[in-house]
Number of protein chains: 2
Amino acid sequence: MMHDMAVTTPARERTRREIVRQAMDLFQAAGYNATSLQDIATAAGCSKATVLYHFSGKPAVLAAVLEPAAADVAALVKAAAELSRADAQELAIRSFIDLAVVHRGVVDVLQDILPVIEQMPEVAQLVADGMQLSDYLAGSDDPLEQDLAKFAINGLLGECRHAQERTDDDLRRLCDIALRRILRRA
Amino acid sequence: MMHDMAVTTPARERTRREIVRQAMDLFQAAGYNATSLQDIATAAGCSKATVLYHFSGKPAVLAAVLEPAAADVAALVKAAAELSRADAQELAIRSFIDLAVVHRGVVDVLQDILPVIEQMPEVAQLVADGMQLSDYLAGSDDPLEQDLAKFAINGLLGECRHAQERTDDDLRRLCDIALRRILRRA
DNA sequence: ATCATGACTGACCGATCGGCCAGTTTTCAA
DNA sequence: TTGAAAACTGGCCGATCGGTCAGTCATGAT
């Protein structure tokens with residue numbers, strides 16, 4: 001008697017997850033724009049119509065792909081907000097690297113969206129949180145340090161692109177050194 | 001009696017230049033993939049067929065847009081090849097920044113091509129020269145320094161994207177500081 | 001004035017895109 | 001067992017893409 005609507009229908013959730021999984025791989029390998037709904041459907045083993053049955057459109061698929069990373073970034077921003085400036089900076093350095101390494105796939109995806117990222121409401125929150133994180137990373141109101149923080153982020157994200165061959169630890173170590181050199185926090 | 005075919009027909013060269021000019025602006029603003037031949041033609045004040053009369057295809061337009069920057073990079077690589085390691089590094093730092101700042105428009109363009117840049121023979125030489133420059137920038141065979149040089153380049157190119165509002169000097173100063181911090185050559 | 005050549009264009013082509021819809025198959029509570 | 005809802009699909013749509021081609025128009029040497 002449908003007294004528990006909160007439990008997700010197994011079939012629905014299974015297909016949905018598979019679509020998101022395959023979409024992530026394709027977005028990462030070929031870019032968002034170069035990946036068609038048919039490509040995603042074929043990789044996921046269903047029809048294009050099924051993809052549009054589970055998602056309202058291609059941007060909705062993108063939002064689902066980005067969601068885990070966006071949630072982690074949002075949580076990090078929230079945590080940093082309750083710390084002192086210096087502590088927030090240290091947390092930002094360590095955690096930003098972790099997030100970029102762990103979610104390095106979404107960095108590739110975001111790469112392909114940059115020219116039109118302002119017009120995508122699906123990623124607006126992620127972008128805004130990234131800006132916040134940039135401020136925490138700078139650790140100062142000095143415009144130079146703020147610019148250097150953005151410089152560091154660009155280097156960090158660039159380094160995490162196409163970095164499947166590197167191990168997480170190697171990538172983390174490299175980014176840690178580079179970030180602390182730029183921010184002079186070594 | 002057509003004894004001087006080397007002189008370019010004024011009309012031909014004028015239209016060609018205008019197409020390249022407008023294509024550059026559009027590629028920079030919206031990205032290569034998001035810009036159609038019709039967009040370029042409309043901006044240049046001619047028909048799409050005219051664009052394809054002057055260029056063999058869309059990739060040829062891209063090559064023409066990238067050509068001045070590619071030539072400068074090639075010249076820099078050639079110059080650095082005849083210097084000592086330390087001098088080559090110093091030259092790379094200074095000149096790479098200059099090129100990235102002056103040609104910051106093409107940096108935006110290249111941004112949109114990255115996912116498929118390996119399959120574009122039109123930019124292969126530019127990419128190869130960029131790799132060479134990365135080696136000169138590292139100034140060492142140490143893998144860590146090599147990776148840090150790539151990190152620095154990513155930061156530098158990222159900083160030059162969407163930077164029309166900044167003055168050339170401001171941008172140059174910022175990049176110089178960041179590069180020397182990462183490479184520890186300050 | 002003529003006319004061959006270069007510059008240019010409108011119309012069209014096949015392919016592919018995101019998205020839609022009517023209808024079929026599967027699932028599962030009653 | 002059954003029937004309604006959920007899950008899924010083939011086929012189609014309009015739009016847009018890069019590219020082709022036959023043909024028009026402008027130019028300038030003769």
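**Exercise 1. Describe the surface near DNA strand D by residue class, and then find which elements supply it.**

*Solution.* In this predicted model, the surface near DNA strand D is made up of eight nonpolar, seven polar and four charged residues. Altogether 19 residues surround the strand, and the closest of them are A:Arg12, A:Ala49, A:Thr50, B:Ser36 and B:Gly57. The next step is to pass from residues to elements: in chain A, α1 (10–30) and α3 (48–54) each supply at least two residues of this surface, and in chain B, α2 (37–44) and α3 (48–54) each do so as well. The most is given by α3(A), which contributes four residues.

**Exercise 2. Locate the annotated domain of chain A and describe its secondary structure.**

*Solution.* An unreviewed UniProt entry carries the annotation "domain: HTH tetR-type", and this covers residues 13–73 of chain A. Over that stretch the chain is 80% helix and 0% strand, while the C-alpha atoms at its two ends are 24 Å apart.

**Exercise 3. Work out how helices α1 and α4 of chain B are placed relative to each other, and which residues join them.**

*Solution.* Two packed helices are described by the angle between their axes and the distance between the axes. For α1 (residues 10–30) and α4 (residues 58–80) of chain B, the axes come within 9 Å and cross at roughly 90 degrees. Angles of 65 to 115 degrees count as roughly perpendicular, and therefore α1(B) and α4(B) are roughly perpendicular to each other. At their contact, B:Ile19, B:Val20, B:Ala23, B:Met24 and B:Phe27 of α1(B) meet B:Val61, B:Ala64 and B:Val65 of α4(B). Sorted by class, this contact has eight nonpolar residues, with no polar and no charged ones.

**Exercise 4. Describe the side of chain A that touches chain B, and determine how the two copies are related.**

*Solution.* Begin with the contact itself, in which 23 residues of chain A are in contact with 23 residues of chain B. On the chain A side, the elements giving two or more residues are α8 (143–160) and α9 (168–183), and α8(A) gives the most, with nine residues. The residues of this side divide into eleven nonpolar, six polar and six charged.

Turn next to the symmetry: chain A can be laid on chain B with an RMSD of 0.1 Å by a turn of 180 degrees and a shift of 0.0 Å along the axis. The two copies are thus related as by a two-fold rotation axis. In chain A, the C-alpha nearest this axis belongs to A:Gly155, at 1.9 Å from it. Finally, 100% of the contact residues of chain A recur in chain B, and the same surface serves both copies.

Notes. Residues numbered from 1 in each chain as written. Chains lettered and ligands numbered in written order. Predicted model: local features only at pLDDT ≥ 70, side-chain atom pairs only at ≥ 80, totals over all residues. Near = placed C-beta within 6 Å. Nonpolar A, V, L, I, M, F, W, Y, C, P; charged D, E, K, R; others polar. Contact = placed C-beta atoms within 7 Å. Least-squares fit on C-alpha atoms with pLDDT ≥ 70 in both. UniProt positions renumbered as here; feature names shortened; annotations may be inferred. Axes fitted to C-alpha atoms, helices over the stretch in contact; angles between N-to-C directions. Parallel < 35°, antiparallel > 145°, perpendicular 65-115°, else oblique.
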